[in-house]
Structures are given as structure tokens and as C-alpha cells.
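This report covers the metal sites, the ligand surroundings and one helix residue of the structure shown below.

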Amino acid sequence: MNSTVPSPDILTAHLDTANPVDPHAPVMAELMPFPAAPLLCEARIDNEAIELYWEDGERARLPSVWLRDHCPCTTCRHLQTRERLFIPLDEPVPPIEVQLEAGHLQLRWADGHLSQFAAGWLYQRRPEAPAESALPPRKPWCESFTPVRVAHADIFTPRGETAWLEALLRDGLVLLDGGPLADEEVSRIAERIGPQRPTNFGARFDVRSKPNPNNAAYTSIGLALHTDLPNWRQPPDIQLLYCLQNEAEGGESLFADGFQVAETLRQQAPEHFRLLSELAIDFRFQDETQDIATRAPIIECDANGEVVEIRFNNWIRDTLRLPAEQMAAWYRAYRHFWTLLHSPRYQIDFALAPGGMVAFDNRRVLHGRRAFDPNTGARHLQGTYLDRDMLESRLRVLARNS
Ligand code: OGA
Ligand code: ZN
Ligand code: ZN
């Protein structure tokens, strides 16, 4: 196929998807639908900006440089990839003519270029518009928190998959029930969402007691609450644990919302919170072939002081390297956080049933398990990790058709 002349198929697909509702609206190179209304009732050039008035009374003032940068024509955006081709490097050329065509905006620039914008697309992007997102905000667990459960068969429907993804992003944890006892089912589920994130334990790992374990999870001992792989600069975002066998006595799963407990710590003892969020410590995993280490605080906050990540794993905490006079205070803060995390008030527990799967935000929710007795029966989980970007992407794609 000639790469410069798009085939009629591609052109039609592009036109169809970009504007499913209003046949008069210009093509906007978007796959996410935008509203067909309200239409524009007035537009005028005003000193390096365009004043826009919509039929519902809303208005916006958009700098002409912004409009030029967002021109959706096929010279400015690639017809197939929808990516921007225009580079806003030159001194902005002013618009010389503004017109409304069936309620949509048309601008003629001083160099002769023509830009057409759908009214609804502009409306959605006016600077005063409330932020819209397909992604649910995070919600801390309350005392009666019970995880959302989705039936395995339902995640193969857009509705069930959306419910599963929304619960996971909102609550940081979601359950799946009634899946098949099939090897690698966890990978099949993961790959509906995105590629599995590989680590030093492989793309997909088996959790059961093994003869020469290189990790506490591969024994039968209890696992205190932890996050996986805090010794990586970028720990995996989302963990999936799929249960294939759980006949052994014990082995119940434990979880706590690290963000919620960090907020409790901040209220109860601001100094303890400060020590755990400001002092970076070392995490390190070593076996015969690997030595993976990083230095970071246990509680990480963003520039606004919001908690954005928990790194907590006592096995792979490395030598505590801090000024000697801060060490005792750091241990007091650590004990306090540990005790809060493990208190029944903040912890939930349940036994995973074969064919069940738990998915959780590994950078927010801590997980653990009670010890099990391998002489009473087999326990076998299969796990993998996913990047949060892939979950968010999937939700946006599902929202296109909802
Ligand atoms: C792990 C882990 C929990 C379990 O593999 O990282 O924490 O229930 N496993 O065995
Ligand atoms: Zn253009
Ligand atoms: Zn773990």
C-alpha cells in the first residue's frame, strides 16, 4: 500500500470513530467519543485569543496559539496514528478569519492554513470544564470494608471487567471467584489487560513450599504484611495471586490498606510519620545470581504531602544506614507502623478458594499469609504482576463504548 495515500478503508474508519454522533462535526482524531452538543453560537477573534460562546451559555477564551497547536487536520495530526505532527516552534501565525459551520468552529490562519474544531470537543476541553476521567479516585478502606467480588465468567464481559478494574483502582483490592483450576490461568487473565511485568522471580511465579527457597513466600512460614519487591526502584504496581490448591491447614491471606494506616500514623504520631516518610532506608534482595537494591523511605509522599507509595518488607530490609542518633527513633516509628498495620482493626483476612484470585495494588495494599502445615495438604498459588498504566488504559478503552 502507498504510505502517503491512505486507503479509503482507513479514511472511513477514521471518520467513523472520530465522530460517531454528529455528521457535520469536523473529524477530531480521537477514539474517545466527545459530546455532540452543545454547539457554538458565537466565536470572535480577540487579541491573540478566540472568544467562544456555546448554546448552553458556557464560554471560553482560548489563546490562538493553543488552537493552532491542536488543529486536527491531517497535516497537523497523523491520519492513522492520530499523533501530533505539528510542532509549535514558529512564532504563532494569527487567525484572520473565524466562522461557525453548523455550530462548529472554523479558523483561517494568516498563512492560509485552515483548522476546523468540533464544538463538543472544544466544550470538553474548555479551561473551566470540570475534570473528567474514566478512572475512579482512590478510596481508603473503612472499618467494614469488604472486597468487591466478581465472578470469573463476568470479567470476559465489558461490564464485569469494568467493575473488576474500577474496584481494583478504587479500593486497591478485588476478588475473582469460580475460575478454572488451570495452570497459567493467572497469565491469561493478566494478558487480557496488558503484558505481565517480569521480575527476578520470572514473568509468572509459583507460590508453594519449595526445597531450596530463595524467598520466604516459597516456604510454609507465615508472612507478615509486606509489599513485594520494594528493593526495586520501580516495584510492580499490581499483583495477581491465583489459587490452584489450598487444602493445607492455615495459609489464610491477610491484607491492610497501607495508605489508610499511614494516615492513622500521621494523626496519632506526626513525628513517627515524618521519620518513616523522610528517612530513606535500604532494601536488598540477594541470591546466587542477583543483588537488587535501592534506597527509599517506607512511606513516600508527593509534593503535596499525599501518601503515594508504601515500601514495607522486613525480610529484605537491608542494613539500617542512618545517622546513629536517629536510629532508635526510627525503630520506634517502625514499630508503631508495624503494630497499626497488623492490628485487627485495619487488617482483613480470608482463605482463597481454588479457582479464586486476589488482585491488589502492591504499592498501596500490604499482603501476607498465615503459616500453613504442608503435611495436611497442598497449597499452590500462581502469581504475576501488571503495570497500573495497562489497567488505566483498559478502563479508558472500555469507556469508549459505554
Ligand atoms: C508472595 C506472597 C502470599 C501467599 O508470594 O509474595 O506474599 O499467600 N504470597 O502465599
Ligand atoms: Zn492543521
Ligand atoms: Zn508477597
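His226 has a relative accessible area of 5%, which is under the 20% limit, so the residue counts as buried. The model is a predicted one.

**Zinc ion (ligand 3)**

His226 is one of the protein donors of the zinc ion (ligand 3), binding through NE2. The other protein donors are Asp228, through OD, and His367, through NE2, and the donors lie 2.1 Å from the ion. Along the chain these residues follow the spacing H-x1-D-x138-H. His226 belongs to strand β10 (residues 223–226) and His367 to strand β20 (residues 365–369), so this pair links parts of the chain 141 residues apart in sequence. His367 is buried as well, because its relative accessibility is 6%.

**Ligand 1**

The donors His226, Asp228 and His367 are also among the residues around ligand 1. The surroundings of ligand 1 further include Val207, Ala217, Leu223, Arg369, Arg379 and Leu381. Polar side-chain atoms of three residues approach oxygen atoms of ligand 1, as listed here.

| Residue | Partner | Distance |
|---|---|---|
| Asp228 (side-chain N or O atom) | oxygen atom of ligand 1 | 3.0 Å |
| His367 (polar side-chain atom) | oxygen atom of ligand 1 | 3.0 Å |
| Arg369 (polar side-chain atom) | oxygen atom of ligand 1 | 2.8 Å |

Ligand 1 taken alone exposes 290 Å², of which the protein buries 96%.

**Zinc ion (ligand 2)**

Which residues supply the protein donors of the zinc ion (ligand 2)? They are Cys71, Cys73 and Cys76, each through SG, and His113 through NE2, at 2.1 to 2.3 Å from the ion. The site is tetrahedral, with angles of 103 to 115° among the 4 donor atoms. In sequence, the donors of this ion are spaced C-x1-C-x2-C-x36-H. Cys76 sits in the loop between α2 (64–69) and β4 (95–101), while His113 sits in the loop between β5 (104–109) and β6 (114–117); the pair therefore joins parts 37 residues apart in sequence. Both Cys76 and His113 are buried.

**Ser187**

Ser187 is part of helix α5, which spans residues 185–193. Is Ser187 buried or exposed? Its relative accessibility is 6%, so Ser187 counts as buried. Leaving aside residues up to four places away in sequence, Ser187 touches Gln196 and Arg204.

Key
Residues numbered from 1 in each chain as written. Chains lettered and ligands numbered in written order. Predicted model: local features only at pLDDT ≥ 70, side-chain atom pairs only at ≥ 80, totals over all residues. Heavy atoms only, no water. Donors = N, O, S within 2.8 Å, 3.2 Å for Na, K, Ca; no water. Helix = DSSP H or I, 4+ residues; strand = E, 2+ residues; numbered from the N terminus. Buried < 20%, exposed > 50% of the residue type's maximum accessible area, 1.4 Å probe, protein only. Tetrahedral: all angles 85-135°; square planar, octahedral: opposite > 155°, others 65-115°. Near = heavy atom within 4 Å. Polar contact = N/O pair within 3.5 Å; in protein donor to acceptor, adjacent residues only side chain to side chain. Areas by Shrake-Rupley, 256 points an atom, 1.4 Å probe, with all protein chains shown as cover. Contact = heavy atoms within 4.5 Å.
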